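This briefing summarises selected secondary-structure features for a reader who has the sequence and coordinates at hand. The points below are grouped by topic.

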Amino acid sequence: MELLFTFDDKNYNDSDEISLRTAVRAIIFDNDKLAMVYSQTEGYYKFPGGGIEKNESEIDALIRETKEEVGLEVIPTSIKEFGMIFEKRKSDYKENVIFEHYSKYYIAEVTNNKFEQKLDLYEADERYKLVYIDIKKAYEINMELGKKYYSKYILREAKVLELLLKERAIS
């Protein structure tokens with residue numbers, strides 16, 4: 001999968017242990033809007049998706065996570081690679097550990113079926129909800145919040161939104 005962008009804080013010691021995480025994220029268009037997860041608590045937007053469980057393929061994780069977070073059913077044959085973002089920084093949770101994170105984005109279509117969300121505790125605390133939003137509006141809001149909170153995941157999602165805006169402007 002093509003590497004789209006790297007966020008590297010360079011705030012770690014190269015000899016530190018590495019903790020690697022890979023997540024998958026769905027880019028779902030509905031005409032000129034995107035299906036996104038909206039945090040009613042913090043006000044940011046993120047693409048549906050999350051971590052890959054043990055013995056789970058990326059595609060299976062994408063389908064599962066999209067259904068759990070926003071209640072949408074991905075059509076497996078519609079899934080196409082978009083690209084990935086790599087993040088590297090000192091771990092927020094463990095001393096002497098480097099956090100490396102790959103977020104892999106896939107464009108996907110969904111069925112008309114709707115399911116109830118199955119949110120993790122932190123997702124419920126954020127009061128995640130499915131919204132359909134204009135790409136530019138989601139980008140602008142995330143950029144503003146990303147500066148305020150300096151939250152890497154908000155800025156990561158903003159970067160993908162920016163790339164989608166550029167791609168749509170070209171086509």
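In which sense do strands E2 and E3 pair, and over how many bridges? In this predicted model, strand E2 (residues 17-30) pairs with E3 in the antiparallel sense over three bridges. Strand E3 covers residues 33-39 and also pairs with strands E10 and E4.

**Strand E3 and its partners**
- Five of the seven residues of E3 are buried, so the strand is largely enclosed by the rest of the structure.
- Within the pairing of E2 and E3, Ile28 lies opposite Ala35 of E3.
- Seven antiparallel bridges join E3 to strand E10 (residues 128-134), where Leu130 is the bridge partner of Val37.
- Two antiparallel bridges join E3 to strand E4 (residues 45-46), and in E4 Lys46 stands opposite Val37.

**Hairpins**
- Two residues lie between the strands in the hairpin of E2 and E3, where Asn31 adopts a positive phi near 60 degrees.
- Five residues lie between the strands in the hairpin of E3 and E4, where Gly43 adopts a positive phi near 90 degrees.

**Helix H1**
- Helix H1 (residues 58-70) has 13 residues and, at 1.5 Å a residue, should span 18 Å; its end C-alpha atoms are 18 Å apart, which agrees with that expectation.
- The buried residues of H1 include the charged-type names Arg64, Glu65 and Glu69 as well as Ala61, Leu62, Thr66 and Val70.
- Gly71, just after H1, takes a positive phi of about 75 degrees.

Definitions and conventions:
Residues numbered from 1 in each chain as written. Predicted model: local features only at pLDDT ≥ 70, side-chain atom pairs only at ≥ 80, totals over all residues. Heavy atoms only, no water. Helix = DSSP H or I, 4+ residues; strand = E, 2+ residues; numbered from the N terminus. Expected span 1.5 Å × (residues − 1). Buried < 20%, exposed > 50% of the residue type's maximum accessible area, 1.4 Å probe, protein only. Pairing = 2+ DSSP bridges.
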